[in-house]
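Me: Please choose one part of this model and examine it closely. I would then like a connected account of its surroundings.

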Amino acid sequence: DVLDLAAGRAAGGIAVLLERRDGRRGEWKMIGEGDTDADGRLRTLMPEDASLEPGQYRLIFDTRTYFAAQSVRPLYPTVIVVIETMAGETHYHVPLLVSPYGCATYRGS
């Protein structure tokens, strides 16, 4: 979920990239992308047949375009969140709270 704290509503239309870190080279490889819906959710970030393997993942949120549509220039044009998944855990919910001048994230349920 992405929530716009300044507007007090879901943040629809934010482009999101999902990348996985290659353990051997340390390079990031894109494995998913999409835009948040009207509820601020992106339910199809990974292909349906893909499994979430243990490792490091990076979520990249394009907040510049979202706020530009509101004629606002954000301090954080891109928000990058890196998480590390563990063996045996298959579900991760990573909400992002944004405003033009701040952001926060946490592990959701």
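Reply:
**The aromatic pair and its setting**

The side chain of Y66 is buried, because its relative accessible area is 8% (buried: under 20%; exposed: over 50%; partly exposed: in between; 1.4 Å probe, protein chains only). F67 also counts as buried, since its relative accessible area is 1%. The model is predicted, so local features need pLDDT of at least 70 and side-chain atom pairs pLDDT 80 or more, while totals for chains, interfaces and linings use all residues. Residues are numbered from 1 along each chain as its sequence is written, and side-chain values use heavy atoms, without hydrogens or water.

A search of the whole structure yields one aromatic pair (ring centres of Phe, Tyr or the six-membered ring of Trp within 6.5 Å; planes under 30 degrees apart are stacked, over 60 edge-to-face, the rest tilted). That pair consists of Y66 and F67, whose rings meet edge-to-face, with 4.9 Å from centre to centre and 75° between the planes.

Helix 1 covers residues 63-68 (helices are DSSP runs of H or I with at least four residues, strands runs of E with at least two, numbered from the N terminus). The loop that leads from helix 1 to strand 6 contains S71. The phi angle of S71 is near 60°, which is a positive value in a residue other than glycine. In contrast to the buried Y66, S71 is exposed, because its relative accessible area reaches 72%.

Beyond this loop, strand 6 spans residues 78-85 and includes E84. E84 counts as partly exposed, because its relative accessibility is 48%. Leaving aside residues up to four places away in sequence, E84 touches G55, Q56 and Y92 (heavy atoms within 4.5 Å). Strand 5 runs over residues 55-62. Between the C-alpha atoms of E84 and L18 there is a separation of 13 Å, although these two residues are 66 residues apart along the chain.

Strand 6 belongs to an open sheet of four strands, ordered 4-3-5-6, with antiparallel pairing (strands pair if DSSP finds at least two bridges between them). Strand 4 (28-35) and strand 6 each have a single partner strand and stand at the edges, so one side of each has no neighbour in the sheet. Within this sheet, strand 3, formed by residues 15-21, pairs with strand 5 in the antiparallel sense over five bridges. V16 has its bridge partner in strand 5, namely F61.

A further open sheet, also of four strands, has the order 2-1-7-8 and mixed pairing. Its edges are occupied by strand 2 (9-10) and strand 8 (102-105), each with a single partner strand, so one side of each is left without a neighbour in the sheet. Strand 7, made up of residues 96-99, runs antiparallel to strand 8, and four bridges join the two. Here V98 is matched with C103 of strand 8 as its bridge partner.

To return to the chosen part, Y66 and F67 form the edge-to-face pair. The loop that follows helix 1 leads to strand 6, and strand 6 stands at an edge of the sheet with the order 4-3-5-6.
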